[in-house]
Amino acid sequence: MKICILAGDGIGPEIVAQGVKVLDKVGEKFGCTFEYSEALIGGVAIDATGGPLPDSTVERCKEADAVLLGAVGGPKWDTIDPSIRPEKGLLGIRKAMGLFANLRPAVLFPQLKHACYLRPDIVENGLDVMVVRELTGGIYFGEPRLEGEIEGERYGYNTMVYREHEIRRIARVAFEAARKRGGRVCSVDKANVLDVSRVWRDVVVDEHAEYADVELSHMYVDNAAMQLVRDPGQFDVIVTGNLFGDILSDEAAAITGSIGMLPSASLGADGPGLYEPIHGSAPDIAGQDKANPLATILSIAMMLRHSMDMAEEADCIEQAVQKTLEQGYRTGDIMEQGAKAVGTKAMGAAVLENL
Ligand code: IPM
Ligand code: MG
């Protein structure tokens, strides 16, 4: 299996290093080998090549069986020409690889209940939501877009646009995911205001005809944001567009105790998938051995499950993570009194030991 590693910026290299160790351990245990290649993305790519996504990176990713990404961005590149910001590298690789479906499972591990920001009675039934976020369309990519000046003042706009085929294919991913889980999909939109959302809703309803065994409901995004903190247990699969999915997945992550716990898989119709923690580059703690590597390690489990057909191995990683939490190992973001405070490396080592 060939894996292309895009470590990126900030804490990216540290957390990815722990992910690679987990992969190697899985290889050793189950008798398979992972071959790695590395490529540049984000700020480090800007520094080395003048742009956030060199062509060679796209080529290397396409040649691999899967891509592991750390994070991009940081204050060093905040004032750079917006057309070459580090984030453009991330959006660019998603688009170039056709990764339209972003799966973001938010699970509250029982061991982390104390770290949840919500009242215990609200999360009594736990939290196990799969956010299925459309990733290569919507307002992130819509044209026209502009930053300019009109009548002596600055102005800017973006366009939220979805075509039927883009909605249909993401709806199918959500319905398929629901079949393997609780059998319920909630489609989130803003159909009371946005034309694009009315098309979204119509197409989702239409596509649902093929999935009569799955229960479909609809929710406006403002209500969904409220319901997530009011009664998170009501959700199984949430399917939504690029922007709403970005926002709601961070909200769901906070309920799991820390955004440092949330993995993701970005998948296309075929070809390699891309796996990354959803948290970002955390420049304030970069290089200090403080970052939580568990979201990356859980992303490796998703990689094995979705790109390598290695479900048993994926289960094994997830169990090792749970056991590590049970043993009381905690990075700063999920720290509690009486727990064993560890850094990035020691957390990774504890997971390895449990593997
Ligand atoms: C995410 C991030 C990215 C996004 C940024 C870094 C471009 O917030 O993956 O959720 O908005 O998609
Ligand atoms: Mg985000």
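A residue counts as near a molecule if one of its heavy atoms lies within 4 Å of it. With that in mind, here is a short tour of this predicted model in close-up views.

**View 1. Ligand 1 and the residues around it.** In this predicted model, the residues that surround ligand 1 are E87, L90, R94, R104, R133, Y140 and D246. Three of these side chains are worth a pause. Y140 places a polar side-chain atom 2.6 Å from an oxygen atom of ligand 1, and R133 has a polar side-chain atom 2.8 Å from an oxygen atom of ligand 1. For D246, the distance from a side-chain N or O atom to an oxygen atom of ligand 1 is 2.9 Å.

**View 2. The two domains and how they meet.** Let us step back to the domain assignment, which splits the protein into domain 1 (1-109 + 262-355) and domain 2 (117-255). Domain 1 is thus made of two stretches of the chain, 1-109 and 262-355. Between the C-alpha centres of domain 1 and domain 2 there are 24 Å. In the contact between them, 18 residues come from domain 1 and 23 residues from domain 2. Together the two domains bury about 1900 Å², and carbon and sulfur atoms account for 65% of that area. Look out for F100, R104 and L108: they supply 35% of the area that domain 1 buries against domain 2, more than any other three residues. R104 may be familiar from the previous view, as one of the residues around ligand 1.

**View 3. The side of domain 1 that touches domain 2.** What kinds of polar link join the two domains? There are seven residue pairs in polar contact between domain 1 and domain 2, while the count of salt bridges between them is zero. On the domain 1 side, α4 (86-96) and β4 (101-107) each bring at least two residues to the contact with domain 2. β4 gives the most, with seven residues. Sorted by class, this side of domain 1 has eleven nonpolar, three polar and four charged residues.

**View 4. A salt bridge between D47 and K76.** The whole structure holds 21 salt bridges, and the one shown here pairs D47 with K76, whose closest N and O atoms are 2.6 Å apart. Where do the two partners sit in the chain? D47 belongs to helix α2 (residues 43-49), whereas K76 is in the loop between β3 (66-71) and α4, so the pair links distant parts of the chain, 29 residues apart.

**View 5. Two backbone details in loops.** Most residues other than glycine have a negative phi, and most peptide bonds are trans. Both habits meet an exception in this view. The peptide bond that joins E143 and P144 is cis, with omega at about 0°. P144 is found in the loop between β5 (128-134) and β6 (146-150). A282, which is not a glycine, has a positive phi of about 40°. The loop that holds A282 runs between β12 (273-275) and α9 (294-307).

Notes. Residues numbered from 1 in each chain as written. Chains lettered and ligands numbered in written order. Predicted model: local features only at pLDDT ≥ 70, side-chain atom pairs only at ≥ 80, totals over all residues. Heavy atoms only, no water. Domains from an automatic or database assignment. Contact = heavy atoms within 4.5 Å. Buried area = accessible area lost by both parts, 1.4 Å probe. Salt bridge = Lys/Arg side-chain N within 4 Å of Asp/Glu carboxyl O. Polar contact = N/O pair within 3.5 Å; in protein donor to acceptor, adjacent residues only side chain to side chain. Helix = DSSP H or I, 4+ residues; strand = E, 2+ residues; numbered from the N terminus. Nonpolar A, V, L, I, M, F, W, Y, C, P; charged D, E, K, R; others polar.
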